[in-house]
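User: Could you take a close look at one part of this model, the place where the first ligand sits, and explain it for someone in the first year of study?

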Amino acid sequence: MTSPVETSSNTGLRKQAEDILQGKAAQFSGQLKGLSEEAMEELLHELHVHQIELELQNEELRQTQLELDIAKTHFFELYDLAPAAYLTMTQQGLIQQTNLAAATLLGLSRRNLMNKKFSNFIFEADLAVYYSFFKQLVESREQQVLELRMHKNDGMQFWVHMEAKAAQSEEDVPTLRVVLTDISERIQTEIALRENIVHIQSLVDSARETENALRIAATVFESLEGIFITDANRAILRTNQAVFNITGYCEKELIGQNPNIFSSGCQDACFYKAMWKMINETGIWDGEVWNRRKNGDIYPQHLTVSSVKDTAGKVTNYVATLTDISQSQLAADKIKFLAFYDPLTKLPNRILLRERLTLALISSQRNKHNSALLFIDLDNFKNLNDTLGHDMGDLLLQQVSERLVHSVREGDTVARLGGDEFVVMLEDLSASINEAVIQVEAVGHKILESINKSYQLTTYFYNCTSSIGITLFTGQQQTGDEILKQADIAMYQAKAAGRNALRFFDQQMQDTITNRVSLERDLENALAENQIMLYYQPQLQSGNQIIGAEALIRWHHPERGFVPPSDFIPLAEENKLILAIGQWVLETACAQIKKWESCEQTKNLTIAVNVSARQFHQIDFVENVRQVLKDIAINPNKLKLELTETVVLDDIEGTINKMNALHELGVSFSMDDFGTGYSSLSYLSRLPMDQLKIDQSFVLNININITDAVIVQTIIGMAKNLYMEVIAEGVETEQQRQFLELNGCSQYQGYLFSKPVPIAEFEKFFGL
Ligand code: C2E
Ligand code: MG
Ligand code: MG
């Protein structure tokens with residue numbers, strides 16, 4: 001290798017000396033030719049001096065060379081033996097020169113390192129970092145520093161600190177100079193340090209966790225649940241505040257005591273024996289016990305006892321947690337009561353009845369005994385509520401329930417469904433149906449009688465009857481709801497039979513109901529499917545002159561044929577269908593009047609339209625009629641509305657207002673079926689009624705029953721006194737007509753002249 005201290009200075013000196021000698025020689029050779037001895041001598045002296053100077057210079061040169069050589073050796077020693085590893089490499093990353101330390105570090109001789117790729121010694125995972133470092137190095141020409149992992153030729157890994165810089169070599173080729181310092185030891189220390197820090201951190205964390213856990217444990221210990229810990233001999237060691245709150249004892253009184261200090265005596269020795277057996281076998285016992293507080297109160301508590309064992313499996317302690325459940329038990333009982341019992345009478349409610357009914361069905365199927373359900377409804381209960389108020393009503397219901405409970409055996413169920421509806425369920429009646437009927441009938445009568453007895457409601461004495469529907473059942477052929485429904489139907493039969501009665505459910509009754517349901521369903525489509533039509537029955541006056549007609553509805557059912565209005569009008573009344581039907585009747589009748597108005601023979605005819613209670617009491621009834629009259633544009637005098645007494649009696653004031661409003665329009669009114677209701681002169685005189693229509697039941701008996709004849713005469717008289725017209729319906733015979741005429745009723749309607757007929761037939765009376 002070439003020393004960085006160049007030999008050029010050495011060469012320069014030598015050249016200088018040679019130049020001097022050459023100059024002097026030339027000088028001498030020119031001078032020698034014509035020189036004297038003296039001059040010669042001087043010349044020689046000069047030469048001598050020069051020679052000496054040269055020698056001196058030569059010596060100086062040698063000295064310098066020597067120093068240089070020493071410096072060079074020194075340098076090489078320094079370079080080679082330096083503790084840091086030095087190397088140079090080409091811009092392609094090939095190693096050119098290395099010092100000994102570098103060779104040692106890389107684990108190869110310097111010769112073998114020559115032209116090796118430096119990257120061969122870089123740890124694979126760090127190669128990417130190294131390449132970017134190398135790129136930076138070549139491009140920036142500034143010193144770069146990097147710490148990375150390398151490995152020796154034999155694969156041993158080490159960490160290095162690498163400092164490098166690009167430089168120009170003597171040959172003017174760019175070279176990369178690299179200094180490597182093995183920092184493995186430092187990194188190891190750092191890693192160890194870092195690990196230590198992590199370890200310490202985790203210790204700190206776990207200490208913190210332990211502290212938290214302790215804090216949680218302490219909080220838990222002071223929770224609302226009572227907790228006490230005993231030793232293995234069951235002597236109390238520690239308790240929390242909740243134990244004092246629940247038991248009423250203080251710490252001093254409990255420490256060292258056996259927990260049997262709490263016992264109430266409600267559980268016997270066997271109970272505790274079983275409890276400790278369980279704790280010893282399974283480690284835990286959980287359940288409810290009744291304990292005694294210090295003040296003597298006995299209360300229910302939820303108790304958990306668990307054993308704590310040491311590593312050898314020996315019990316060291318017992319931990320008990322206890323919760324006072326007296327409040328929650330009360331609440332639960334209350335909720336249960338509200339859910340299954342009627343708060344007013346304390347009797348089971350509908351839900352509990354259903355449950356018991358289901359059980360009764362199961363048990364009756366098993367033991368083949370009959371059971372019975374009695375549906376009891378108080379008669380006219382609404383009147384009591386309306387007249388004496390709900391408080392009295394409540395009192396009556398309470399007394400009735402007591403009487404019901406006393407009328408049956410202890411195991412029987414008495415329930416209140418709501419309002420004035422009660423149900424009694426009798427189980428375990430005879431297996432023979434006949435005997436069971438007799439048994440139930442006896443109970444039924446007992447109930448009727450007991451309810452019939454007078455009640456004292458504060459200062460009032462009150463009498464009340466009931467209607468009872470009974471159904472018998474065995475097994476599970478029917479559902480509870482079906483059975484309830486049957487008893488309900490039978491109860492309605494009892495009501496219909498005049499109240500204060502009992503009725504048994506029978507299949508015929510059921511069929512009627514089923515039929516009714518299907519009829520109701522069909523009726524919903526009847527209007528839309530044009531099955532409904534109007535028949536007209538002539539109304540006449542003396543001399544058989546037709547003055548008008550009553551419009552009577554007919555339903556032509558596709559399968560049943562003609563269904564009489566008495567079968568479907570009450571149904572329609574119940575489910576609002578009557579409103580649509582009534583509207584249709586009104587419009588159809590008015591359209592008929594309109595047609596008749598344009599015909600000479602019929603232009604004076606009136607039509608009487610039956611109006612049902614529900615229809616009449618619609619808030620917009622008057623407006624409806626007004627609208628129909630306006631739309632069809634008829635003379636309102638031709639329209640007569642037939643109301644029954646029940647319609648009127650429902651709300652007399654409202655009825656009067658409506659009638660007046662319609663009167664003003666020109667519409668007239670007839671009181672249908674007069675005499676069958678609670679007619680009284682006082683209300684009749686207040687109604688703006690135009691006509692009374694004597695009910696056909698009186699007409700039928702005019703010539704048979706003297707009472708009916710008198711009634712008819714009275715009605716005619718009343719009508720006269722009140723300045724009303726009078727008409728008789730259901731006139732079938734000439735005698736009837738004559739009796740009526742004789743007594744002042746000249747208008748009539750009935751089979752005598754014609755049955756209700758379709759419009760085409762009706763018009764035939766006029767030759768149309
Ligand atoms: P109502 O208004 O009292 O009608 C008179 C009933 O007596 C009619 O029965 C009629 O056919 C019948 N009748 C007439 N003359 C005689 C007779 O000489 N002998 C006998 N035995 N009966 C006679 P219908 O048509 O079966 O109507 C029954 C009831 O249905 C009506 O009694 C009425 O209350 C109601 N009704 C009929 N059509 C309608 C209607 O369009 N709307 C409303 N709401 N009810 C109607
Ligand atoms: Mg009528
Ligand atoms: Mg009538």
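Analyst: What follows describes the surroundings of ligand 1 and then the metal site. The model is a predicted one, and the values below are computed from it. The space that ligand 1 takes up is the largest pocket, and 21 residues surround the ligand there, the closest being Asn610, Asp672, Gln696, Glu732 and Tyr751. Sorted by class, this shell has eight nonpolar, six polar and seven charged residues. At least two shell residues come from each of strand 19 (545-557), helix 17 (565-574) and strand 23 (668-674), and strand 19 gives the most, with four residues.

Some side chains can be followed down to single atom pairs. An N or O atom in the side chain of Arg554 is 2.9 Å from an oxygen atom of ligand 1, while for the side chain of Glu550 the corresponding distance is 3.0 Å, and for that of Glu729 it is 3.3 Å. On its own, ligand 1 has 790 Å² of accessible area, and the protein covers 82% of it.

Glu729 also leads to the metal site, where the protein donors of the magnesium ion (ligand 3) are Asp672 (OD), Asp673 (OD), and Glu729 (OE) listed twice, at 2.0 to 2.5 Å from the ion. Along the chain, these donors follow the spacing D-D-x55-E. Asp672 bridges this magnesium ion (ligand 3) and the magnesium ion (ligand 2), and the two ions lie 4.0 Å apart. Because Asp672 lies in strand 23 and Glu729 in strand 25 (residues 725-729), the pair ties together parts that are 57 residues apart in sequence.

Definitions and conventions:
Residues are numbered from 1 along each chain as its sequence is written. Chains are lettered from A and ligands numbered from 1 in the order in which they are written. This is a predicted model: local features need pLDDT of at least 70, side-chain atom pairs count only at pLDDT 80 or more; totals for chains, interfaces and linings use all residues. Side-chain values use heavy atoms; hydrogens and water are left out. A residue is near a molecule or strand if one of its heavy atoms lies within 4 Å of it. A polar contact is a pair of N or O atoms within 3.5 Å; within protein, one must be able to donate a hydrogen and the other to accept it, and residues adjacent in sequence count only if both atoms are side-chain atoms. Accessible areas come from the Shrake-Rupley method with a 1.4 Å probe; for residues, only the protein chains shown count as cover. On a 1 Å grid over the protein atoms alone, a cavity is a set of points where a 1.4 Å probe fits but cannot get out, and a pocket is an open set with protein on both sides within 12 Å along at least five of seven lines; lining residues have an atom within 4 Å of a point. A molecule sits in a cavity or pocket if more than half of its atoms lie within 2 Å of its grid points. Ala, Val, Leu, Ile, Met, Phe, Trp, Tyr, Cys and Pro count as nonpolar, Asp, Glu, Lys and Arg as charged, and the others, Gly among them, as polar. Donors are N, O and S atoms within 2.8 Å of the metal (3.2 Å for Na, K and Ca); water is not among the atoms, so sites may look incomplete.
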